[in-house]
Amino acid sequence: MASFQRPQVATLYRRLTEPPRRLITLFGPRQTGKTTIVRQALRQIDLESRYLAVDEPDSTEFRVPSAATEATFLAPQVRDAEWLVRHWEEARREAEQLGGFVLVFDEIQKVPQWSETIKGLWDADRARDCPLHVVILGSAPLLMQSGLSESLAGRFESIRVTHWSFDEMSAAFDFDLPRYLYFGGYPGAVPFVRDPDRWRDYILGALVEPNIERDLLAMTRVDKPALLKRLFELGAVYSGQILSYTKMLGQLQDAGNTTTLARYLDLLASAGLLVGVPKYAGRVHRVRASSPKLNVLNTALMTAGSGYSFAEAQADRSFWGRIVESTVGAHLFNTAASDIRLHYWRDGSHEVDFVLQRGARIIAIEVKSGAKRMPLGGMDEFEQRFSPHSSLLVGEGGIPLNEFLTVPAHYWFEEA
């Protein structure tokens, strides 16, 4: 693992070796390696740098005592616009003296008015052609995107960081396909896979809870926080299944409405937890009104709270089949470029697991795990109605699952 590097490292390295034309942003779900990516790239470039974690105390803010002394605590430093400006100006002087410098802010969204402050500083640097590279990281995508689009439009380039793929988990940790299907793509959880209780505690306590409590509830207006939490739990249980908003409300026993649920699903997707895949209908207004197909974006989120051990999950053919289908859905969503949309399709007894759409072109995808009954004539009916550019069968009798998981969603449009 020590030598493994995600592709984003090379992308960031290239950006840092160019003149600083735009801010560089990395954002994505928690525990996907954003900080590691930055540190690996910084070790490769011939520039001095400074890394600042907004949510961690400076080393000067506390002193760890020895056994013979008493602890000394200093007042914590406030992370506000003034703090940001002070560090930026220090880095600016370094850049001008050294001919180049890299300043990194981790969890930048926790600084109030961060985007407006950075806009002024960045524009001033461009006016004086200052050779200062600035990299900003964050794990609350909605807030990051809002701040970037509202105040920093045209001033940044994004590097998207998603959940780890099967290829990456295999290369870094020697995961085989069954282990990836069950344990998912969280590198920080790997040391605990042989201790099921610790692994579940890590997924649910160290990943899911902070994702919801810190990244969504603390950073975004949520009128019904209990509903949001229960919606995620429901989605993890029903991942791989189509569930109407009406049935969700009945299961959740809350006075919310379908509009609220749709918004909360969007929030959960932005945090890399759960997506409500819409039905393909060919018409936008019908897509939004359709019953969503729930899909976790990392199968660890589905299995950790299931009560199934690794062996028990494999023995339950129905449950394992939903894990396989959820893995395919997560892979397609996580690797889809911004111009690709993910859908499912169903009409009566006819169903297609996933539909990729890029402009006017569509690709139908059916997942065959050997654990579920294939929909009767679903693919044939879809082909007759919509004339997709290609139809793919993933699994037994088609593209092997391990091969399908090695290529991003856009690959199939290039092949079509």
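Reader: To start somewhere specific, what is the relative accessible area of lysine 224?
Author: Lysine 224 has a relative accessible area of 28%, so it counts as partly exposed; buried means under 20%, exposed means over 50%, and partly exposed is in between, using a 1.4 Å probe and protein chains only. This is a predicted model, in which local features need pLDDT of at least 70 and side-chain atom pairs count only at pLDDT 80 or more, while totals for chains, interfaces and linings use all residues. Residues are numbered from 1 along each chain as its sequence is written, and side-chain values use heavy atoms, with hydrogens and water left out.

Reader: And where is lysine 224 placed?
Author: Lysine 224 sits in the loop between H8 and helix H9, which covers 225-237. Helices (H or I, at least four residues) and strands (E, at least two) are DSSP runs numbered from the N terminus. The C-alpha atom of lysine 224 is separated by 9.5 Å from that of tyrosine 264, although the two are 40 residues apart along the chain.

Reader: You mentioned H8, so is arginine 214 in there buried or exposed?
Author: Neither label applies, because arginine 214 has 47% relative accessibility and counts as partly exposed. Arginine 214 is in helix H8, and between its C-alpha and that of lysine 110 there are 9.9 Å in space, with their positions 104 residues apart in sequence.

Reader: What about isoleucine 159, buried or exposed?
Author: Isoleucine 159 is buried, with a relative accessible area of 4%, and it belongs to strand E7, residues 156-160. Its C-alpha lies 7.4 Å from that of isoleucine 24, a residue 135 places away along the chain.

Reader: Changing topic, how much space lies in the second largest pocket?
Author: The second largest pocket holds about 550 Å³ of space. On a 1 Å grid over the protein atoms alone, a pocket is an open set of points with protein on both sides within 12 Å along at least five of seven lines, whereas a cavity is a set where a 1.4 Å probe fits but cannot get out; lining residues have an atom within 4 Å of a point. Grid points are joined across faces, edges and corners, and the volume is the space filled by probe spheres set on the points.

Reader: Which residues lie nearest its centre?
Author: Of the 27 residues that line the second largest pocket, Gln31, Gly33, Lys34, Thr35 and Asp106 lie nearest its centre. Helix H2 (34-44), strand E2 (49-53) and helix H8 (196-217) each supply at least two lining residues, and H2 gives the largest share, with six.

Reader: How do the lining residues divide by type?
Author: The lining of the second largest pocket has nine nonpolar, nine polar and nine charged residues.

Reader: Back to Gln31, what is its phi?
Author: Glutamine 31 has a phi near 60 degrees, a positive value in a residue other than glycine. Most residues other than glycine have a negative phi. Glutamine 31 is in the loop between strand E1 (23-27) and H2, and at 39% relative accessibility it is partly exposed.

Reader: And where is glutamine 113?
Author: Glutamine 113 is in the loop between strand E5 (101-106) and H4, and it has a positive phi of about 55 degrees although it is not a glycine. With a relative accessible area of 58%, glutamine 113 is exposed.

Reader: Which residues are buried in H4?
Author: The buried residues in H4 are Trp114, Ser115, Thr117, Ile118, Leu121, Trp122 and Asp125. Seen down the helix axis, the buried residues of H4 fall within an arc of 155 degrees, so they line one face of the helix; that arc is taken over the directions from the axis to the C-beta atoms. Just after H4, aspartate 129 takes a positive phi of about 55 degrees.

Reader: Last one, how do E10 and E11 pair?
Author: Strand E10 (residues 341-347) and strand E11 (residues 350-358) pair in the antiparallel sense over six bridges, where pairing requires that DSSP finds at least two bridges between the strands. Tryptophan 345 has valine 352 in E11 as its bridge partner. E10 and E11 form a hairpin with two residues between them, and glycine 348 in the turn has a positive phi of about 65 degrees.

Notes: Ala, Val, Leu, Ile, Met, Phe, Trp, Tyr, Cys and Pro count as nonpolar, Asp, Glu, Lys and Arg as charged, and the others, Gly among them, as polar.
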